[in-house]
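Biologist: I'm new to reading protein models. Could you walk me through this one, feature by feature?

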Amino acid sequence: MVPERIHVKLLKAFQLMLEKFPFMIDMPVDNDNMLLKVEPVTAYYLDYKKVFGYRDMVSY
């Protein structure tokens, strides 16, 4: 059984996805679908204003 707070978060996430991608309403229901939350630890961003190929690492 899913705790209530997680259930509320899942409903909100699906509602936001339907607002952004309305075509999902017409998709068939599939019980194998899952929702993943990705939380990056480090990432690189490119800044071509400084020099071509320049990148900085960012830690979260």
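**Reading the rings, the fold and the surface**

Modeller: Let's start with one ring: Tyr48 has a relative accessibility of 48%, so this residue counts as partly exposed. Keep in mind that we're looking at a predicted model.

Biologist: Where does the cut-off sit, and how does Phe52 come out, buried or exposed?

Modeller: Over 50% relative accessible area means exposed, under 20% means buried, and partly exposed lies in between. Phe52 is at 74%, so Phe52 counts as exposed.

Biologist: How many aromatic pairs are there?

Modeller: The count is two aromatic pairs. In one of them, Phe21 and Phe23 sit edge-to-face, with 6.0 Å centre to centre and 65° between the planes. The label follows from the angle, because planes over 60 degrees apart count as edge-to-face. Phe21 is partly exposed at 32% relative accessibility, while Phe23 is exposed, at 53%. Tyr48 and Phe52 make a stacked pair: their centres are 5.0 Å apart and the planes differ by 15°. Here the planes are under 30 degrees apart, so the pair is called stacked.

Biologist: What pattern does the protein chain follow along the sequence?

Modeller: Reading along the sequence, you get α-β-β, that is, one helix and two strands. The radius of gyration is 18 Å, well over the 10 Å that the globule rule gives for 60 residues, so the chain is more spread out than a compact globule. If you box in the C-alpha atoms along the principal axes, you need roughly 50 × 30 × 20 Å.

Biologist: And how many of the residues count as buried?

Modeller: Just 2% of the 60 residues. You can look at contacts too: take those between residues at least 6 apart in sequence, and 3% of them join residues at least 24 apart. The accessible surface adds up to about 6200 Å², with 62% of that belonging to carbon and sulfur atoms.

Biologist: Which residues form the nonpolar patch on the surface?

Modeller: Ile6, Leu10, Phe14 and Leu35 do, and together they have about 300 Å² of accessible area. Leu10 belongs to helix H1, which covers residues 4–20. With a relative accessible area of 30%, Leu10 is partly exposed.

Biologist: Last one: which residue forms a salt bridge with Glu39?

Modeller: Lys37 does, and the closest N and O atoms are 3.2 Å apart. That fits the rule, because the cut-off for a salt bridge is 4 Å. Both Glu39 and Lys37 are exposed, and the structure holds one salt bridge.

Definitions and conventions: Residues numbered from 1 in each chain as written. Predicted model: local features only at pLDDT ≥ 70, side-chain atom pairs only at ≥ 80, totals over all residues. Heavy atoms only, no water. Patch = residues over 30% accessible without salt bridge, like charges linked within 9 Å, V, L, I, M, F, W, Y side chains within 5 Å. Areas by Shrake-Rupley, 256 points an atom, 1.4 Å probe, with all protein chains shown as cover. Salt bridge = Lys/Arg side-chain N within 4 Å of Asp/Glu carboxyl O. Helix = DSSP H or I, 4+ residues; strand = E, 2+ residues; numbered from the N terminus. Buried < 20%, exposed > 50% of the residue type's maximum accessible area, 1.4 Å probe, protein only. Rg over C-alpha atoms; globule rule 2.2 N^0.38 Å. Contact = heavy atoms within 4.5 Å. Phe/Tyr/Trp six-rings, centres within 6.5 Å; stacked < 30°, edge-to-face > 60°.
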